[in-house]
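User: I'm new to this one and would like a close look at a single part of it. Could you pick a residue, and walk me through the helices around it?

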Amino acid sequence: MGEGDWPQLRFSFNERKAAAAAALFLDREGGSMDYMRLVKLLYLAERESLKRLAHPLIGDTYYALDQGPIPSRVVDLCKYTSSGPWAGQIERTGLWAVRLRKPPELGPLSNAEIAVLDDVFKAFRDMDQWALSTMTHAFPEWRDPHGSRIEILPAEILAAIGKTPEEARDILEDAAHDARVDAAFGR
């Protein structure tokens, strides 16, 4: 990787961890919730994981939408049928809702990641999807897409949460290395 390449790096999506994180939130919520609220909570957890643990919780491709920033693969999993780890734990129950199929399988998550998820849920449990959307409009990485979408690069999120360029480069390079190892071992 060249010296100037790291700002363009993206995180690899981990569906197993995304399903486990979503299942934890759904379990804490009583088993079901509006999927926009779930998506917002997962985005908040991703930011908090990057801040506290210096690694992505789920990885994803992020976009700024009119309703705020989102992890796009998670949105797709909420909206469309899949056959992977997500579908094993979570199902769509209506136009805007998802629910747990069975008790959450948290095995892919570390204790530190579970703590991040629990803290995010406690901090935002009383906010609906619209309040979360409005709140995320204040995030420095969000830009108004005016009815479209704008990709948010991980380097932009890292800068927005206060990581130095050197810290951001290290986080992005570590995540790229971890993705290569996961791919080599089929994880």
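Analyst:
**A close look at Val116**

Let's start with Val116, which sits in helix α5, made up of residues 111-124. Keep in mind that this is a predicted model. Is Val116 buried or exposed? Its relative accessibility is 1%, and buried means under 20%, so Val116 counts as buried.

What does Val116 touch, once its neighbours within four places in sequence are set aside? The list is Ala45, Glu48, Ser49, Arg52 and Leu53. Those numbers fall within helix α2, which covers residues 35-53, so that's a good place to go next.

Here's a handy bit of background: an α-helix has 3.6 residues a turn, so residues three or four places apart point the same way. Helix α2 itself has 19 residues, which at 1.5 Å a residue should span 27 Å; its end C-alpha atoms are 26 Å apart, so the two agree. Of those 19 residues, 16 are buried, so α2 is largely enclosed by the rest of the structure.

Both ends of α2 have something to look at. At its start, a side-chain oxygen of Asp34 comes within 2.7 Å of the backbone nitrogen of Met36. Just past the other end, Ala54 has a positive phi of about 60°.

Now back to Val116 for a longer hop. Ala21 is 95 residues away from Val116 in sequence, yet the two C-alpha atoms are 10.0 Å apart in space. Ala21 is one of the buried residues of α1, and α1 is mostly covered, with eleven of its 14 residues buried. Among the others on that buried list are Lys17, Ala18, Leu24 and Phe25.

Helix α1 reaches 20 Å from its first C-alpha to its last, close to the 20 Å expected at 1.5 Å a residue. Its ends can be read much as we did for α2. At the start of α1, a side-chain oxygen of Asn14 lies within 3.1 Å of the backbone nitrogen of Arg16. After α1 comes Gly30, with a positive phi near 105°.

Following α1 also takes us to the largest pocket, since α1 (15-28) and α8 (165-184) each supply at least two residues of its lining. That pocket has a volume of about 500 Å³. It is lined by 22 residues, and Ser12, Asn14, Lys17, Asp178 and Asp182 lie nearest its centre. Helix α8 gives the most to this lining, with seven residues.

How values were computed:
Residues numbered from 1 in each chain as written. Predicted model: local features only at pLDDT ≥ 70, side-chain atom pairs only at ≥ 80, totals over all residues. Heavy atoms only, no water. Helix = DSSP H or I, 4+ residues; strand = E, 2+ residues; numbered from the N terminus. Expected span 1.5 Å × (residues − 1). Buried < 20%, exposed > 50% of the residue type's maximum accessible area, 1.4 Å probe, protein only. Polar contact = N/O pair within 3.5 Å; in protein donor to acceptor, adjacent residues only side chain to side chain. Contact = heavy atoms within 4.5 Å. 1 Å grid on protein atoms, 1.4 Å probe; cavity = no way out; pocket = protein on both sides within 12 Å on 5 of 7 lines; lining within 4 Å. Points joined across faces, edges and corners; volume = space filled by probe spheres on them.
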